[in-house]
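Trainee: I would like a close look at a single part of this model, with the cut-offs stated. Please pick the part and work through it.

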Amino acid sequence: MKKPLIIFFYLVSFLNSCSQESQNQNLIFTGKSIEEAIQFETKLNSKIKKTFATIVLAPELYPYVDKYELSNPKQISRIIPTDFPANIEYFYDKNSRELKYSSYKWAFINKVDDNTLFDRKKLQKLVEKECGELEKYSKFFSELEEIINNKFASGKKSVLKNEPKNKLIEWENENSKGILKLEFQDCSDSKNLLPGWFIIEYVEYSK
């Protein structure tokens, strides 16, 4: 009986590994049109949010914003992978329907009650627990970096910051630019202790 159980265990592990790898390949959309992006997100069971406000991009965010007539973005709530749900915005040109600016944000902000917020010991314990997540977020950042490396294989890559809790990488080719960053709370600053927050953000835009 032991041998079949061992084979079953390895089979389950292999299938889980393949499933996770498949999920990770779906982190960054690689198509061109907004219709393709919506189809892509629908297959991932993402939810399309209803946008009630007009959202515009400042030139500081998108240097080429005046070059196109951008429509209100499609805002997406993605649940895959489950450990890192994402909020996404796809801005596209009204005329060509091509994506011009995409923003992905994998963020965690811990909302705590006042009893914890004003109790230094409780807050310290909470933040220490959250800081244990740094390795998981760093691994996820590296997975994203590998995917974007492949996408910009023929372009230029610049590592601007490479600290454990503060990373910034930029990619650029003749057609587009990508910016990936990680910001993680300072676990060592006991005087300015805050509830947990970690953010990984990727922005890609057309020139």
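Mentor: A contact here means heavy atoms within 4.5 Å. By that criterion, residues 24 or more positions apart supply 57% of the contacts in the chain with a separation of 6 or more. The model is predicted, so local features need pLDDT of at least 70 and side-chain atom pairs pLDDT 80 or more, while totals for chains, interfaces and linings use all residues. Residues are numbered from 1 along each chain as its sequence is written, and side-chain values use heavy atoms, leaving out hydrogens and water.

The chain has five helices and eight strands, taken as DSSP runs numbered from the N terminus (helices H or I, at least four residues; strands E, at least two). Their order from the N terminus is α-α-β-β-β-β-α-α-α-β-β-β-β. Of the 207 residues, 37% count as buried, that is, under 20% relative accessible area with a 1.4 Å probe and protein chains only.

The part I pick is helix α5, which covers residues 134–151. Its 18 residues reach 26 Å from first C-alpha to last, close to the expected 26 Å; the expected span is 1.5 Å times one less than the number of residues.

Which residues of α5 are buried? They are L134, Y137, S138, F140, F141, L144, E145, I147 and I148. When reading that list, recall that an α-helix has 3.6 residues a turn, so residues three or four places apart point the same way.

Next, the rings. The structure holds 17 aromatic pairs, where rings of Phe, Tyr and Trp (its six-membered ring) have centres within 6.5 Å; planes under 30 degrees apart are stacked, over 60 edge-to-face, the rest tilted. In one of these pairs, W106 meets F140 edge-to-face, at 5.5 Å centre to centre and 75° between the planes. This pair joins distant parts of the chain, since W106 belongs to strand β4 (residues 99–109) and F140 to α5, 34 residues apart. Both W106 and F140 are buried.

The two rings also belong to a cluster linked by ring pairs. Its members are F29, F40, F84, Y90, Y104, W106, Y137, F140, F184, F198 and Y202. Two of the names, Y137 and F140, also appear among the buried residues of α5.

Cluster member F84 has a further partner: the charged end of K136 sits over its ring, 5.8 Å from the centre. The criterion is NZ of Lys or CZ of Arg within 6 Å of the ring centre and within 35 degrees of the ring normal.

Notes
Buried means under 20% relative accessible area, exposed over 50%, partly exposed in between (1.4 Å probe, protein chains only).
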